[in-house]
Amino acid sequence: MRAVLAKWGQQFAEAPLQQLTAKVWRVEYGSEAYTLKRRADHATVWEEYNLLTWLKERGLPVLPPILSQDNVPWAHYGGEVYVLYPYVEGSPGNEVAPTDLEKAKALGAFLARLHAAMADYPRADEFPSQNLYTEVISWAWPTVRRGISGDLRNRLEDIGESISECANLYDGLPRQLIHRDAHPGNVIFVGDEVVGMLDFTMARTEARIFDLCYCATAVLSSCFEEPVRECWDLFVQELIRSYTAAYPLTRWEGYAFVYVAYMIQVLFAAYFFDLGLDNRAAENMAVLAWLHDRQSILEPLIDRIISSREDRTHE
């Protein structure tokens, strides 16, 4: 790895190095710290660099990759591609729970700022466009149906029918460039304050509400077997309230929230079924069934938040 780091200067080659995962290392140079990541290729690194530089110039707490001595934001070595980022001090939100309402507020406010900026990004067409509904209907739901049986299959058929009927709903949702991997583990906190956002490699043009649903369901999935999941409605309430205060959602988006959350669970279940990880897929199916049971609570709760914001705007 020393030879890799030398691509950013000899001073990095001599810096202390700590491997965090199979593809991630922490690098320390003087009082500064960095994160070195191994990537599959460099196809999208320039796009990520340009986006993050643009967001940083607008005050968002993001850190673009560092240019190597070849004046590109990556380095080739041994047939591999490596990218070096400034290290973000703080704690990732992997342990965010439904009872962490201050963090829910901070996440909502931050995602609103992020979306407002990304909506204005002038080079958004450099990123792929994706459609969750099409992905679910064409691949994920058929895969899930093949993998489930018995009473669970009968119950999920009703949910599948609801999903299949929301084509027009999804097509009507506001679309823009989003993060698309906005789980709390990619957010860095100091206390309850968001101080950084990581991993923009999945940035896509997609329904704006996707990031909020993905963030919320990630929190639910992380503690699903614990009693604290019963507080998740409050987490969603604070997440959406703080987001809407800064970057208003439409009532159409509010109505779609539950259905997008359904589709995210189906997507993950299909992914795990394809890998032969049936137990992991069953966890997502359990979350899906639980969400279906809460729909009658979530829909009016979300609608009240959004409609209240609209009423204040019209006063």
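**Strands 8 and 9.** I began with strand 8 (residues 187-190) in this predicted model, and I found that four bridges join strand 8 to strand 9, the two strands running antiparallel. When I followed Phe189 across to strand 9, I noted that its bridge partner there is Val194.

**The sheet.** I then looked up how these strands fit into a sheet, and I noted that three strands form an open sheet in the order 6-8-9, with antiparallel pairing. Strand 6 (91-92) and strand 9 (193-197) are the edge strands, since I see each of them pairing on one side only.

**Helix 4 on the sheet.** Next I turned to helix 4 (residues 101-119), which lies across strand 8 and strand 9 and runs at about 45° to strand 9.

**Helix 4 and helix 9.** How do the axes of helix 4 and helix 9 cross? I read that they come within 7 Å and cross at roughly 35°, and that the crossing is right-handed. Among the residues making the contact I listed Leu101, Ala104 and His115 of helix 4, together with Leu234, Phe235 and Tyr243 of helix 9. Sorting the contact by class, I recorded 11 nonpolar, three polar and two charged residues.

**Gln130.** Last, I looked up Gln130, which I placed in the loop between helix 4 and helix 5 (132-147). Which residues does Gln130 contact, leaving aside its neighbours within four places in sequence? I wrote down Glu135, Arg175, Arg180, Arg204, Thr205 and Glu206, and for Arg204 I added that a polar contact of 3.1 Å joins its side chain to that of Gln130.

Definitions and conventions. Residues are numbered from 1 along each chain as its sequence is written. This is a predicted model: local features need pLDDT of at least 70, side-chain atom pairs count only at pLDDT 80 or more; totals for chains, interfaces and linings use all residues. Side-chain values use heavy atoms; hydrogens and water are left out. Two strands pair if DSSP finds at least two bridges between them. Contact means heavy atoms within 4.5 Å. Axes are lines fitted to C-alpha atoms, for helices over the stretch in contact, and angles run from 0 to 180 degrees between N-to-C directions. A polar contact is a pair of N or O atoms within 3.5 Å; within protein, one must be able to donate a hydrogen and the other to accept it, and residues adjacent in sequence count only if both atoms are side-chain atoms. A crossing is left-handed if the near helix is turned anticlockwise from the far one by less than a right angle, and right-handed if clockwise. Ala, Val, Leu, Ile, Met, Phe, Trp, Tyr, Cys and Pro count as nonpolar, Asp, Glu, Lys and Arg as charged, and the others, Gly among them, as polar.
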